[in-house]
Amino acid sequence: MSNFQNVKGTNDLFKDELKSFNYVKEAFRKYSLNYGFEEIETPVFEDLKVFKRENDTSDMVNKEMYLLGDEKELALRPEGTASVIRAFVQHKLYTNDLPYKLFYMEKMYRKERPQKGRLREFTQLGLEVFGDKNPLIDAEVLAFGYNFLKSIGLTQIKILINTLGDKKSREKYSSALKNYFENYKEQLSEDSKMRLDKNPLRILDTKLEHEKEIVKNAPCIFEFLTEDSKNYFNKVLNYLDVLKIPYEIDQKLVRGLDYYTDTVFEVVSTNKESGAQNALFAGGRYDNLVQYFGGPSISGVGFAMGLERLLILMKIENALNLQDDELDVYIIDLSCGDSYILEVADILRKANLKTELNFYDRKIKAQFKTVERKKAKTVVIIGEDEVKNRVVNIKDIKKQVQKTVIFEEIVNEIKEMLGGENV
Ligand code: HAM
């Protein structure tokens, strides 16, 4: 066994695992482009201030960031939203037609306790839409996410949705929550006590069982919503109804990050085998972040999906149909490594034919075993006579027919055998 292992909470990706990753990423890229999104990539690390904003009470920002730099002034990105907004403002992308729609597929880093579906290095497939606040856009974003999961074969999913209202609604609700939780202050954890002062809404997101009991009877946001906020939320729900997207209103859903305003949502797996980490994607609207980063007063809405979690569920739901890797050509070499085999491989690859060749001194039987393992459709056999005469023997594996052809005819002959599929 090797003396070195990958760090806990990280994954090596190869073979089918990597194929599955790339399959879902490609599907997400295609889907995003169809919806009119542009791709963006941002650096893996940023100035810490991009993520750590004043009065932020989230665990992600306060406990889970990997810090770097001599003064610990840099951080590995724990999420995509802040980085994308930083880039959106820095490059004045807001001067384009709005809404401006960006998607990303990147690794994120959080110092969490690793378990099934919870990693320290994971991949988010995310998107952000910048522009005027409009419930049509909230609905479109959520519909995108939901329909995407359906399109990759996931069926056991449920949308939970809530609103945090506008500033006025949140102020009224915060003070009602503060009064309520003050009665239980002695029983609250240190984190919740800190949140009681800074942002009592976030106590609703507690993971502690005894605090969850207290949260059960806490007041609900709906009583405190302004007419505008109520109307906004109802419009989002109406649009989802029109699109036949099912959802459940969860009045205690506030999400783990501090920046949300109005619509918030989380899409969870309802399959019992998916385990505790069942949130497949989550997001919401944020009214203040673009301005915080120095841009104009533009709202945004987006979500991020945990790719590793999607794959766990796709395996459980049998939704992964990976294509077998098949070779077009395998070159069997009986010439003891004459450079002619490289020439033949070269013209085949230049003609876009997937080609592999034998490099070692092996018996023909062993080489045919490789042909079988690699599922090659045709075989090119080169011995000393073929080298001398600049010809090859080509065998069609399915039809079991064999022919001798000159160098110049190899590509045509193989394409014919493959039935024109690679022409
Ligand atoms: P988040 O809820 O922190 O939101 O993460 C979004 C998704 O990333 C989760 O639902 C989950 O699927 C995945 N995820 C989070 N942490 C881990 C982990 N440790 N291991 C594996 N998967 C994980 C955000 O990050 C927001 N930026 C989403 C957003 C975009 N809001 C607006 N725009």
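A salt bridge here is a side-chain nitrogen of Lys or Arg within 4 Å of a carboxyl oxygen of Asp or Glu. With that in hand, Asp16, Lys19, Asp325 and Lys354 are linked in a network of such contacts. One caveat up front: this is a predicted model.

## Salt bridges

Searching the whole structure turns up 33 salt bridges. Beyond the network of Asp16, Lys19, Asp325 and Lys354, three pairs are worth a look.

| Pair | N to O distance | Acid, relative accessible area | Lysine, relative accessible area |
|---|---|---|---|
| Asp59 and Lys63 | 3.7 Å | Asp59, 30% | Lys63, 45% |
| Glu213 and Lys216 | 3.0 Å | Glu213, 47% | Lys216, 55% |
| Glu326 and Lys377 | 3.9 Å | Glu326, 38% | Lys377, 22% |

Take Asp59 and Lys63, which form a salt bridge. They sit four residues apart in helix 3 (residues 59-63), so about one helical turn separates them. Asp59 is partly exposed, and Lys63 counts as partly exposed too.

Glu213 and Lys216 also meet through their side chains, at 3.0 Å from N to O. Their home is helix 8 (residues 209-216), where a spacing of three residues puts them about one helical turn apart. Glu213 is partly exposed, while Lys216, at 55%, counts as exposed because the cut-off for that class is over 50%.

What about Glu326 and Lys377, whose side chains meet in a salt bridge at 3.9 Å? Glu326 lies in the loop between helix 11 and strand 12 (327-333), and Lys377 belongs to strand 14 (residues 376-382), so this pair ties together parts that are 51 residues apart in sequence. Both ends are partly exposed: Glu326 has a relative accessible area of 38%, and Lys377 has 22%.

## Pockets and cavities

If you're thinking about grids and probes, start with the second largest pocket, at a volume of about 680 Å³. Its lining is made of 23 residues, and those nearest the centre are Arg170, Asn199, Asp258, Tyr259 and Asn288. Which helices supply at least two residues each to that lining? Helix 6 (167-182) and helix 10 (289-292) do, and helix 6 gives the most, with four residues. Sorted by class, the lining has nine nonpolar, five polar and nine charged residues.

Then there are the enclosed spaces: the structure holds two cavities of 30 Å³ or more. The largest has a volume of about 60 Å³. Its walls are built from Ser269, Ser274, Gln277, Asn278, Leu280, Arg309, Ile312 and Leu313. Helix 11 (residues 307-316) provides the largest share of that lining, three residues. The class breakdown is three nonpolar, four polar and one charged.

The second largest cavity comes in at about 30 Å³, and Asn11, Phe21, Lys107, Glu121 and Glu308 line it. By class, this lining has one nonpolar, one polar and three charged residues.

## Backbone oddities

As background, most residues other than glycine have a negative phi, and most peptide bonds are trans. Three spots in this model go the other way.

First up is the peptide bond from Leu98 to Pro99, which is cis, with omega near 0°. Pro99 sits in the loop between helix 4 (81-90) and strand 5 (100-109).

Next, Lys15 has a positive phi, near 45°, despite being a residue other than glycine. Lys15 is placed in helix 1 (residues 15-34). Is Lys15 buried or exposed? Lys15 is exposed, with a relative accessible area of 68%.

Asn352 is the other non-glycine case, with a positive phi of about 70°. You'll find Asn352 in the loop between helix 12 (340-350) and strand 13. Asn352 is exposed as well, at 62% relative accessible area.

## A nonpolar patch on the surface

Finally, the outside. Leu342, Phe359 and Tyr360 make a nonpolar surface patch of about 400 Å². Of these, Phe359 is found in the loop between strand 13 (355-357) and helix 13 (364-373). Phe359 has 57% relative accessibility and therefore counts as exposed, since the threshold is over 50%.

Methods: Residues numbered from 1 in each chain as written. Predicted model: local features only at pLDDT ≥ 70, side-chain atom pairs only at ≥ 80, totals over all residues. Heavy atoms only, no water. Patch = residues over 30% accessible without salt bridge, like charges linked within 9 Å, V, L, I, M, F, W, Y side chains within 5 Å. Areas by Shrake-Rupley, 256 points an atom, 1.4 Å probe, with all protein chains shown as cover. Buried < 20%, exposed > 50% of the residue type's maximum accessible area, 1.4 Å probe, protein only. 1 Å grid on protein atoms, 1.4 Å probe; cavity = no way out; pocket = protein on both sides within 12 Å on 5 of 7 lines; lining within 4 Å. Points joined across faces, edges and corners; volume = space filled by probe spheres on them. Nonpolar A, V, L, I, M, F, W, Y, C, P; charged D, E, K, R; others polar.
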